[in-house]
Amino acid sequence: MHNLDFDVAHLLAGGLVLVSFMMLYQDRLYALLNIFALHALVLALSVAWQALVQGAPHLYVTAAIALIFKAVVIPVALHRIIQRLGIHRDIETAVSIGPTMLLGIGLVALSMVLMLRVTAGADPMAREDLAFSLSVVLLGLLLMVTRRNAVGQVVGFMSLENGLVLAAAGAKGMPLVVEFSVAFSILIAFIVIGVFLFRIRERFDTVDISALDDFRGERR
C-alpha cells in the first residue's frame with residue numbers, strides 16, 4: 001500500500017507540472033482558462049489523495065476549495081469578464097513559446113536538484129511533492145513574466161499559488177484556519193483583479209500591460 005500511496009501522489013504532483021507546461025504553451029485566452037481549470041482539478045485530486053494517505057480530513061476542505069473556486073467559479077467568472085470586456089482572445093507574449101518552454105524545463109530541473117538535495121532526510125513522499133510544488137511555483141512565475149496580457153498574468157499568479165498549496169499539503173497539511181484564510185484571500189484578490197481589469201479596459205481600451213508603459217511615455 002505504501003508503494004501505491006507514493007506512486008499515485010507522484011503521478012498527481014507530476015501531472016500538475018505537466019499541466020503547468022500546457023499553460024505555458026497556450027496563446028489563446030479561453031484555452032488558457034480551460035487548462036487552468038484542469039490545473040485546479042489536478043490540484044484538488046492531489047490534495048484529496050494526501051488527505052487520504054495522511055489521515056488528515058481537514059485537507060478535504062482544501063481539496064474542495066480548489067475544486068469549487070479554482071476549477072469552476074474563477075474560470076467561469078474570467079470567461080464572462082473576457083466576453084463583457086471584449087478582450088482580444090490572443091495572448092501576446094514577451095518571449096516566444098519555444099524559448100519559454102526550454103526555460104521552463106530548466107526551471108523544473110533546477111527545482112528537482114535543489115529540493116531533493118535540501119530535503120535529503122525528509123519523508124520520500126514529502127520530498128517529491130516539495131520538488132514538484134517548487135516546479136509549479138516557478139512555472140507560474142514564468143507564465144506571469146512572459147505574458148503581456150493582464151488575464152494571463154492573473155492565471156500565472158493563481159497557478160503559482162496552486163504550487164504553494166501542493167507544498168503545504170505534502171508537508172503534512174495546513175491548519176484549517178490557514179486554509180480558510182487562503183480561500184478568503186483568493187476571493188478578495190479575484191475581486192480586486194476583476195475591478196483592475198475593468199479599469200484598465202475602460203482607460204486604455206486594452207488589457208495589454210504595455211499600454212501602461214505607453215501612457216507613462218516610456219515607450220516611444
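Two residues are in contact when heavy atoms of one lie within 4.5 Å of heavy atoms of the other. Keep that in mind for the opening view of this predicted model: among contacts between residues at least 6 apart in sequence, 75% join residues at least 24 apart.

**Stop 1: the whole chain**

Switch on a cartoon view. You'll find eight helices and zero strands, so a plain α-α-α-α-α-α-α-α pattern is what you follow along the sequence. Now colour by accessibility: of the 220 residues, 46% are buried.

**Stop 2: the core**

Select V17, M23, L43, V47, L78 and V155. These are the residues with the most contacts inside the largest nonpolar core, a set of 41 residues. Which elements give two or more residues to this core? They are α1 (2-25), α2 (29-54), α3 (58-85), α4 (97-118), α5 (124-146) and α6 (150-170). The largest share, 10 residues, comes from α2.

Zoom in on L43 and hide its neighbours within four places in sequence. What's left in contact with L43 is L16, A66, N162, V165 and L166.

**Stop 3: α2 and its partner α3**

Select α2 on its own. This helix has 26 residues and spans 37 Å from first C-alpha to last, close to the 38 Å expected at 1.5 Å a residue. Step past the end of α2 and you land on G55, which has a positive phi near 65°.

Now add α3 to the selection. The two helices pack at an angle of about 175°, and their axes are 7 Å apart. Angles over 145 degrees count as roughly antiparallel, and α2 and α3 are therefore roughly antiparallel to each other. Colour the α2 contact with α3 by residue class and you get 22 nonpolar residues, six polar and one charged.

**Stop 4: α3 against α6**

Keep α3, drop α2 and bring in α6. The angle here is about 175° as well, with the axes 12 Å apart. α3 and α6 are therefore roughly antiparallel to each other.

For the side chains, show sticks on L59, T62, K70, I74, L78 and I82 in α3; across from them, show V151, V155, M158, E161, N162, V165 and A169 in α6. By class, this contact has nine nonpolar, two polar and two charged residues. Two names here should ring a bell: L78 and V155 are among the residues with the most contacts inside the core.

**Stop 5: α6 against α5**

Hold on to α6 and swap α3 for α5. How far apart are the axes of α5 and α6? They sit 8 Å apart, at an angle of about 170°. That makes α5 roughly antiparallel to α6.

The α5 side of this contact includes A126, F132, V136, G140 and M144, and the α6 side includes G152, G156, F157, L160, G163 and G170. Sorted by class, the residues of the contact divide into 14 nonpolar, eight polar and one charged.

**Stop 6: two residues in α5**

Pick S135, which lies in α5. Is S135 buried or exposed? At 0% relative accessibility, S135 counts as buried. Leave out residues up to four places away in sequence, and S135 touches V17, V108, S111 and M112. From S135, measure across to G106, in helix α4: the pair are 29 residues apart in sequence and 9.8 Å apart in space, C-alpha to C-alpha. With a relative accessible area of 39%, G106 is partly exposed.

Next, pick M125, also found in α5. M125 counts as buried, at 10% relative accessibility. Beyond its neighbours within four places in sequence, M125 is in contact with D5, F6, A9, Q50 and V53. One of these, Q50, is 75 residues away from M125 in sequence, with 9.8 Å between their C-alpha atoms.

**Stop 7: I97 in α4**

Finish at I97, in helix α4. I97 counts as partly exposed, at 21% relative accessibility; the buried class takes in values under 20%. Select around I97, skipping residues up to four places away in sequence, and you'll pick up L24, Y25 and R147. Of these, Y25 is 72 residues from I97 in sequence, yet the C-alpha atoms are 6.1 Å apart.

Methods: Residues are numbered from 1 along each chain as its sequence is written. This is a predicted model: local features need pLDDT of at least 70, side-chain atom pairs count only at pLDDT 80 or more; totals for chains, interfaces and linings use all residues. Side-chain values use heavy atoms; hydrogens and water are left out. A nonpolar core is a set of buried Ala, Val, Leu, Ile, Met, Phe, Trp, Tyr and Cys residues joined through side-chain atoms within 4.5 Å. Buried means under 20% relative accessible area, exposed over 50%, partly exposed in between (1.4 Å probe, protein chains only). Helices (H or I, at least four residues) and strands (E, at least two) are DSSP runs, numbered from the N terminus. Axes are lines fitted to C-alpha atoms, for helices over the stretch in contact, and angles run from 0 to 180 degrees between N-to-C directions. Angles under 35 degrees count as roughly parallel, over 145 as roughly antiparallel, 65 to 115 as roughly perpendicular and the rest as oblique. Ala, Val, Leu, Ile, Met, Phe, Trp, Tyr, Cys and Pro count as nonpolar, Asp, Glu, Lys and Arg as charged, and the others, Gly among them, as polar. The expected span of a helix is 1.5 Å times one less than its number of residues.
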